[in-house]
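User: I would like a close look at one residue and its setting, followed by a tour of the other local features. Keep it brisk.

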Amino acid sequence: MEGFIIAAIIVIVVLIVIVRNIKIVPQAHAYVIERLGAYKATWETGFHLKVPFIDKIAKKLSLKEQVVDFPPQPVITRDNVTMQIDTVVYFEITDPKLYTYGVERPLSAIENLTATTLRNIIGDLELDATLTSRDTINDKIRIILDEATDAWGIKVIRVELKNILPPREIQDAMEKQMKAERERRARILDAEGEKRSQILVAEGLKESTILKADAVKESKIREAQGEAEAILLVQKAQADALKMLNEAKPVSEVLQLKSYEAYEKIADGKATKVIIPSEMKPLASVTTAVKELLTDVKANTEQ
């Protein structure tokens, strides 16, 4: 009975040891295994069994892309302006073995390497170039870091300058410069707007003058055409009258009467003296007498 209990205890202990040494590596992770203090293997995603008391998991690593935000570093530009710049580094582990054994405290090594590289690059640039060359600075730092960290099993994907903080007096001067530039652009825009407005007004006046001239021209043309048409109608009426008179074959007395009417129109009540041919005098006397007779008859009728 005692032997059975001891055997059961041993089996339970063995099972516990086996279960405790069963390891499952998650996705995008890696385990570095040491056997008796020396590197043995790198476990990737999946099921693994560790030899009890011999194998040891030296480091558990994440193979995902990682982001490290380093604190601001003081740097000096070529024109002796001291500023604070903080950087953000994006990297991933490509070789767990080199990352584990290549360098002590890899993140601290990356931070120091980034700071020294940044100082070297900014030291060759002036303040204005530093503020306007972020992309160039980012690319230079990334290339240098990527080459240096290959031996550590690290791939630097990109580097970003998060903030560039010049001294307070420099910031004040830059703000004044920006304000002056904005005011200059505003004045230019106002001047261009005023110029455009004057051009539009001048073009409007020009078009108005042209339209008025065209209207006057059109009016005179129409007036001239109307007068010409009126003259033509009068001439045509006179021609038709003469034609009808010729077709009627009037007697000499009628012709003399028409001549008298013509003389009357010539006088038009304004002439003080009108000379009548001798052959028209009898006809004129008769016509006058007839007019007086008609006037007396009209007066008696009204009474």
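Where is the place of R105?

Analyst: R105 sits in the loop between α2 and α3 (106-122). Helices here are DSSP runs of H or I with at least four residues, strands are E runs with at least two, and both are numbered from the N terminus. This is a predicted model: local features need pLDDT of at least 70, side-chain atom pairs count only at pLDDT 80 or more, and totals for chains, interfaces and linings use all residues. Residues are numbered from 1 along each chain as its sequence is written, and side-chain values use heavy atoms, without hydrogens or water.

Backbone first. R105 has a positive phi of about 50 degrees, yet it is not a glycine. Most residues other than glycine have a negative phi. R105 is exposed, at 61% relative accessible area. The classes are buried (under 20%), exposed (over 50%) and partly exposed (in between), with a 1.4 Å probe and protein chains only.

L36 makes a second case. Its phi is positive too, about 55 degrees, and L36 is not a glycine. It lies in the loop between β2 (29-35) and β3 (38-43). L36 is exposed, with a relative accessible area of 70%. So R105 and L36 both count as exposed, and both lie in loops.

Back to the α2 side of the R105 loop. Helix α2 covers residues 96-101, and P96 belongs to it. P96 is buried, at 11% relative accessible area. Along the chain, P96 and S62 are 34 residues apart. In space, their C-alpha atoms are separated by 9.1 Å.

Next, the second largest pocket. A pocket is an open set of points on a 1 Å grid where a 1.4 Å probe fits, with protein on both sides within 12 Å along at least five of seven lines; lining residues have an atom within 4 Å of a point. This pocket holds about 170 Å³ of space. L127, D128, L131, T132, M174, Q177 and M178 line it. Two elements give two or more residues to that lining, α4 (127-132) and α6 (168-248). Helix α4 gives the most, with four residues.

One lining residue deserves a stop. D128 is found in helix α4 and contributes to the pocket lining. D128 is exposed, with a relative accessible area of 59%. Its C-alpha lies 9.7 Å from that of T77. In sequence, D128 and T77 are 51 residues apart.

Helix α6 lines this pocket and also carries salt bridges. A salt bridge puts a side-chain nitrogen of Lys or Arg within 4 Å of a carboxyl oxygen of Asp or Glu. The structure holds nine of them. R184 pairs with E181, the closest N and O atoms being 2.5 Å apart. These partners sit three residues apart in helix α6, so about one helical turn separates them. R185 also bridges to E181, with the closest N and O atoms 3.2 Å apart. R185 and E181 are four residues apart in α6, which means about one helical turn between them. E181, R184 and R185 are linked in a network of salt bridges. Within it, R184 is partly exposed at 38% relative accessible area, and E181 is partly exposed at 27%.

A further bridge in α6 joins R222 and E218. Their closest N and O atoms are 3.1 Å apart. Being four residues apart in the helix, R222 and E218 are separated by about one helical turn. R222 counts as exposed, at 55% relative accessibility. E218 is partly exposed, at 36%.

Last, the N-terminal surface. I6, I10, V14, I18, V19, I22, I24, F47 and L49 form a nonpolar patch. Patches take residues with over 30% relative accessible area and no salt bridge, joining like charges within 9 Å and nonpolar side chains (Val, Leu, Ile, Met, Phe, Trp, Tyr) within 5 Å. Together the nine residues offer about 870 Å² of accessible area, by the Shrake-Rupley method with a 1.4 Å probe. Three elements give two or more residues to this patch: α1 (2-20), β1 (22-25) and β4 (46-49). Helix α1 gives the most, with five residues. V14 is a patch member found in helix α1. V14 is partly exposed, with a relative accessible area of 41%.

How values were computed: Points joined across faces, edges and corners; volume = space filled by probe spheres on them.
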